[in-house]
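Please look over the sequence and the coordinates together before reading on. The paragraphs that follow lead from helix packing to a metal site and then to some backbone details.

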Amino acid sequence: MSDLRIALLANLKINAPQGREEPRDRWAELDSERTVEAIAAALRQAGHKVTFMEGDESLYGRLERGHFDIAFNICEGHRGDSRESHVPAMLEMLGIPYTGSKVLCLALTLDKPMAKRVLAFHGLPTPAFQVFDNPDEPLDPSLSYPLFVKPVGEGTGRGINGNSVVRDEQELRCQLRWLIGTYGQAALVEQFIEGREITVGLLGNERLHVLPPLEVDLSRCPPEEGGIYTGRIKSELPDSPLYVCPAALTETQVQELGQLAVGAFRALGCLDVARVDFKLDAHEGDKPYILEVNPLPGLSPGVSDLVFEAEAEGMSHPELINAILNAALERYPELAKKAQAELVLAAVS
Ligand SMILES: Nc1ncnc2c1ncn2[C@@H]1O[C@H](COP(=O)(O)OP(=O)(O)O)[C@@H](O)[C@H]1O
Ligand SMILES: [Mg+2]
């Protein structure tokens, strides 16, 4: 399929709004120019016309005037607890097709406790948890130390550091005070799952392709990170873990992880692409627990987990990007037909 007019929509770190007194990792989730250039190159390589646009509040007018066939959306959004769904909402209002998950899924997965409630409803394993709106609320007696403290609505390890694992009341209260104060949002306190860190990528829709699981081996990371995949490792020390793909797992484990990942993708209403993060509980015979579902997984060449997973089965970065686009096109048959017709015209002229 070729010759579509594609709006490539992202939020670049260099375009992030400047505010005072913000946490150092405020814009950690946003993309680099390098990533966006690589995605644009991949789409152009497949014959499409690509225009990059920053996904900010001025986007609406530019989209309206742009006459695009489809948007390739990787916007993380700038502000608010449904920020990942802002650009898809604009696209919905304008009737422009787009790649990836829609408004409800993006808002839901950014709210980790809500997403966990939906996973639990579907019988999918996710660590037991409690939400703290303020640091002094009593701890649910069904939870036991060690516990894990993280923000309810962040990604890329924001608010996650070597102190996120808490072993007693004092550590819990201290981390809750810091987290709620620094990030201005409620804290999600989960049962701490000690064990291997595995992530599983998915591509497609009705036919869902499970990529080989990737293990993030944190054993060589600085000890102060506490064996956790912290924000510092993700943003500042991405070369310190070992990314092992395919992970050393038995066929049965791979199948179970795949089934759980597919179950989570469907339960949360993901489309085209997602990555599901797991911990395997070493104290429960490596029982897998779903930590979260990422419907906007990183797509940076040579950096992002999903890109490593695709490469492990011989899919290059440009192929991965076009697989995401093609998964979306299957959902918009009129668009796929148009692209096909233009391909035929180009061949005969
Ligand atoms: N309940 C938990 N038990 C053990 N480790 C956890 C738990 N929750 C998160 N972590 C650690 O923190 C990392 C980031 O957590 P995650 O919920 O995936 O947030 P993010 O959106 O920042 O990736 C995980 O990859 C894992 O290393
Ligand atoms: Mg994660």
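Which residues of α4 are buried? In this predicted model, the buried residues of α4 are C105, L106, L108, T109 and L110, and among the elements that cover them are α3 (86–94), α5 and β13. The pairing with α5 can be described in geometric terms, since the axis of α4 (residues 103–110) and the axis of α5 (residues 112–121) come within 5 Å and cross at roughly 105°, which makes α4 roughly perpendicular to α5. On the α4 side the contact is made by L108, T109 and L110, and on the α5 side by K112, M114, A115 and V118; by class, these contact residues divide into five nonpolar, one polar and one charged.

A second helix crossing involves α1 (residues 33–45) and α10, whose axes come within 9 Å and cross at roughly 75°, so that these two helices are likewise roughly perpendicular to each other. Here A38, I39, A42, L43 and Q45 of α1 meet H317, P318, I321, N322 and L325 of α10, and the contact residues divide into seven nonpolar, three polar and no charged. Several of the α10 residues in this contact recur in the list of buried positions of that helix, which consists of H317, L320, I321, N322, I324, L325, A327, A328 and L329. As for its length, α10 (residues 317–331) has 15 residues, which at 1.5 Å a residue should span 21 Å, and because its end C-alpha atoms are 22 Å apart, the expectation and the model agree.

The same check can be applied to α8 (residues 251–267), where 17 residues should span 24 Å at 1.5 Å a residue and the end C-alpha atoms are indeed 24 Å apart. The buried residues of α8 are Q253, L257, G258, L260, A261, A264, F265 and A267, and they pack against α5, β8 (197–204), β9 (208–210), β12 and β13. Just after this helix, G269 takes a positive phi of about 75°.

Strands β12 and β13 also supply the metal site. The magnesium ion (ligand 2) has as its protein donors D277, through OD, and E292, through OE, lying 1.9 to 2.1 Å from the ion. Because D277 lies in β12 (residues 272–281) and E292 in β13 (residues 287–294), the pair ties together parts that are 15 residues apart in sequence. Both D277 and E292 are buried.

Another buried position is P151, which lies in strand β5 (residues 147–151) and counts as buried because its relative accessibility is 2%. Its C-alpha atom is separated by 4.7 Å from that of A187, although the two residues are 36 apart along the chain. Leaving aside residues up to four places away in sequence, P151 touches K112, R158, G159, I160, L179, Q185, A186 and L188.

Some backbone features remain. Most residues other than glycine have a negative phi, and most peptide bonds are trans. Against that background, T156 has a positive phi near 55° in the loop between β5 and β6 (165–166), and at 29% relative accessibility T156 counts as partly exposed. D272, in strand β12, has a positive phi near 70° and, at 0% relative accessibility, counts as buried. Cis peptide bonds, with omega about 0°, join Y145 to P146 and C245 to P246; P146 is found in the loop between β4 (129–132) and β5, whereas P246 is found in the loop between β11 (242–244) and α8.

Technical notes:
Residues numbered from 1 in each chain as written. Chains lettered and ligands numbered in written order. Predicted model: local features only at pLDDT ≥ 70, side-chain atom pairs only at ≥ 80, totals over all residues. Heavy atoms only, no water. Donors = N, O, S within 2.8 Å, 3.2 Å for Na, K, Ca; no water. Helix = DSSP H or I, 4+ residues; strand = E, 2+ residues; numbered from the N terminus. Buried < 20%, exposed > 50% of the residue type's maximum accessible area, 1.4 Å probe, protein only. Axes fitted to C-alpha atoms, helices over the stretch in contact; angles between N-to-C directions. Parallel < 35°, antiparallel > 145°, perpendicular 65-115°, else oblique. Contact = heavy atoms within 4.5 Å. Nonpolar A, V, L, I, M, F, W, Y, C, P; charged D, E, K, R; others polar. Expected span 1.5 Å × (residues − 1).
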